[in-house]
Amino acid sequence: MKNRLNALLAEYRLLLGYLGRWLLLGAAVAVLAGTASAGFLVALDWVTSWREAHQWVIALLPVGGLLVGLLYYYLGQSVEAGNNLLLEAIHRPQAPVPLRMVPLVLLGTLLTHLFGGSAGREGTAVQMGGALADQLTHRLRLRPRDRPVLLIAGISAGFASVFGTPLAGAVFGLEVFFLGRLRYDTILPAFLAAAGADLVTRAWGVGHTHYPLLAAPALSISNLLLVAAAGIAFGLTGRLFAATTHAVGAFYKNRIAWPPLRPVVGGVVVALLVWALGTTDYIGLGVPTIVAALQGPVLPYAFALKLTLTALTLGAGFKGGEVTPLFFVGATLGNVLGLVVPLPLPLLAGMGFVAVFAGAANTPLACTLMAMELFGHECGVYAGLACVVSYLFSGHQGIYGAQVVGEPKHRRWLRQQGKRLREL
């Protein structure tokens with residue numbers, strides 16, 4: 001009996017020590033990532049407001065592209081891979097992620113938004129969170145096996161703090177680097193860092209967009225079948241977004257040898273399209289249109305315009321995230337499906353908001369949690385089904401080429417297990 005008690009005490013001493021250690025490390029990651037995201041969100045709001053008040057600056061988008069291109073060509077070639085660099089560091093830890101990633105991606109994203117590119121913010125926050133977290137490994141002389149854990153915690157913290165969704169942020173960090181598999185040994189650090197970073201960002205007085213709570217009809221077989229059908233459309237659209245962005249990037253690389261010139265040409269194309277459209281609704285984050293899509297009808301081709309402008313912006317080499325544009329594409333696509341699918345229009349828009357992202361990023365669990373955090377728990381079953389079906393129908397494609405196939409989506413693709421998406 002005494003031996004059992006000693007063994008039990010030894011077990012819980014070990015667990016308490018582990019909890020205490022990661023409480024401290026998670027708090028450090030949370031402070032760094034949350035503070036960085038708070039500053040980024042304030043700056044992003046300022047440049048967006050300034051651009052909308054001085055829309056002539058969009059004509060200078062090629063100049064902004066040159067600045068971004070030169071910035072990364074001369075100072076940032078080691079961090080140009082962005083999110084994929086962080087995923088590679090998790091899979092194959094080698095050299096530390098350079099700290100210069102933080103100011104470069106911050107400045108690059110702000111320039112992109114200032115001059116009128118169509119991009120998001122998740123990539124910037126995730127890269128800042130991951131790069132800052134990685135510095136702790138060496139400065140605190142942690143064990144090499146702790147490094148991937150800190151990177152995952154930094155990714156979770158960055159995602160959670162920029163969107164105000166700690167649950168989704170935590171699971172995103174656990175889910176994004178492996179397609180079809182979670183890494184449970186990092187679950188505590190990811191949750192601690194995500195929740196802490198969200199608190200830190202809010203403590204700085206930085207808020208997030210408030211979306212309406214979505215009411216859901218009673219569960220029925222017919223409704224679930226309709227949601228599954230919508231999920232197929234969302235998954236195919238997520239795949240199209242990823243394929244189009246990669247194709248634009250490959251086109252510019254094959255046709256323009258000098259990298260800084262690519263965003264210049266891309267800036268000309270995007271600026272001309274914005275001029276032809278006669279509106280700025282499809283550049284920047286596009287949050288007002290997302291909110292509008294959750295409340296009433298929007299233009300039926302809005303999703304296609306946003307997809308095109310974002311692919312042309314990011315594919316040319318401008319900086320920023322893909323996620324908020326994917327929210328836009330999904331919400332407006334769901335809004336259009338409301339014309340033919342007999343489900344509440346706001347619910348379809350909300351499902352699209354998360355499900356297109358789930359398909360493009362291969363993160364269905366994180367996106368399901370995000371739906372419940374943003375729109376309320378009532379839509380959880382419908383949003384979850386839409387995300388899972390979207391994930392399935394996006395295939396082994398996605399916006400993150402460094403994702404590794406942990407578990408294939410179908411047994412016929414077992415030979416692809418262990419390969420990166422960019423290799424497929």
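This briefing covers selected helices, two helix pairs and four single residues of the structure. The model is predicted. Helix H13 (residues 323-337) is mostly covered, with 15 of its 15 residues buried. Helix H12 (residues 302-315) and H13 cross at roughly 160 degrees, whereas helix H14 (residues 345-361) and helix H16 (residues 380-393) cross at roughly 35 degrees.

**Helix H2**

- Helix H2 runs over residues 61-75 and has 15 residues, which should span 21 Å at 1.5 Å a residue. The C-alpha atoms at the ends of H2 are 21 Å apart, so the expected span and the model agree.
- The buried residues of H2 are Leu61, Pro62, Gly64, Gly65, Val68, Gly69, Leu71 and Tyr72.
- These buried residues of H2 pack against two helices, H4 (101-115) and H10 (261-277).

**Helix H13 and its pairing with H12**

- H13 has 15 residues, and its first and last C-alpha atoms are 21 Å apart, close to the 21 Å expected at 1.5 Å a residue.
- The axes of H12 and H13 come within 8 Å of each other. Their crossing angle is roughly 160 degrees, and the two helices are therefore roughly antiparallel to each other, since angles over 145 degrees count as such.
- The crossing of H12 and H13 is left-handed.
- On the H12 side, the contact is made by Ala302, Phe303, Lys306, Leu307 and Thr310. On the H13 side, Pro325, Phe328, Val329, Thr332 and Leu333 take part.
- Sorted by class, the residues in this contact between H12 and H13 are seven nonpolar, two polar and one charged.

**Helices H14 and H16**

- The axes of H14 and H16 come within 8 Å and cross at roughly 35 degrees. The crossing of H14 with H16 is right-handed.
- H14 contributes Leu347, Met351, Val354, Ala355, Val356, Ala358 and Gly359 to the contact. H16 meets them with Tyr382, Ala383, Ala386, Cys387, Ser390 and Tyr391.
- The contact of H14 with H16 has 11 nonpolar residues, two polar ones and no charged ones.

**Two buried residues and their contacts**

- Val97 lies in the loop between helix H3 (83-91) and H4. Val97 counts as buried because its relative accessibility is 3%, and the cut-off for buried is under 20%.
- Leaving aside residues up to four places away in sequence, Val97 touches Leu85, Leu86, Ala89, Ala131, Asp134, Gln135, Arg147 and Leu151.
- Val97 and Val265 are separated by 168 residues in sequence, and their C-alpha atoms are 30 Å apart in space.
- Thr137 is part of helix H5 (residues 122-139). Thr137 has a relative accessibility of 4% and therefore counts as buried.
- Thr137 touches Leu142, Arg143, Arg147 and Leu150, again leaving aside residues up to four places away in sequence. Arg147 is thus among the contacts of both Val97 and Thr137.

**Two loop residues with positive phi**

- Most residues other than glycine have a negative phi.
- Arg141 is not a glycine, yet its phi is positive, at about 55 degrees. Arg141 is in the loop between H5 and helix H6 (146-163). Arg141 is exposed, with a relative accessible area of 77%.
- Asn362 also has a positive phi, near 60 degrees, and is a residue other than glycine. The loop that holds Asn362 lies between H14 and helix H15 (364-375). Asn362 is buried, with a relative accessible area of 1%.

Terms used
Residues numbered from 1 in each chain as written. Predicted model: local features only at pLDDT ≥ 70, side-chain atom pairs only at ≥ 80, totals over all residues. Heavy atoms only, no water. Helix = DSSP H or I, 4+ residues; strand = E, 2+ residues; numbered from the N terminus. Expected span 1.5 Å × (residues − 1). Buried < 20%, exposed > 50% of the residue type's maximum accessible area, 1.4 Å probe, protein only. Contact = heavy atoms within 4.5 Å. Axes fitted to C-alpha atoms, helices over the stretch in contact; angles between N-to-C directions. Parallel < 35°, antiparallel > 145°, perpendicular 65-115°, else oblique. Left-handed = near helix turned anticlockwise from the far one by under 90°. Nonpolar A, V, L, I, M, F, W, Y, C, P; charged D, E, K, R; others polar.
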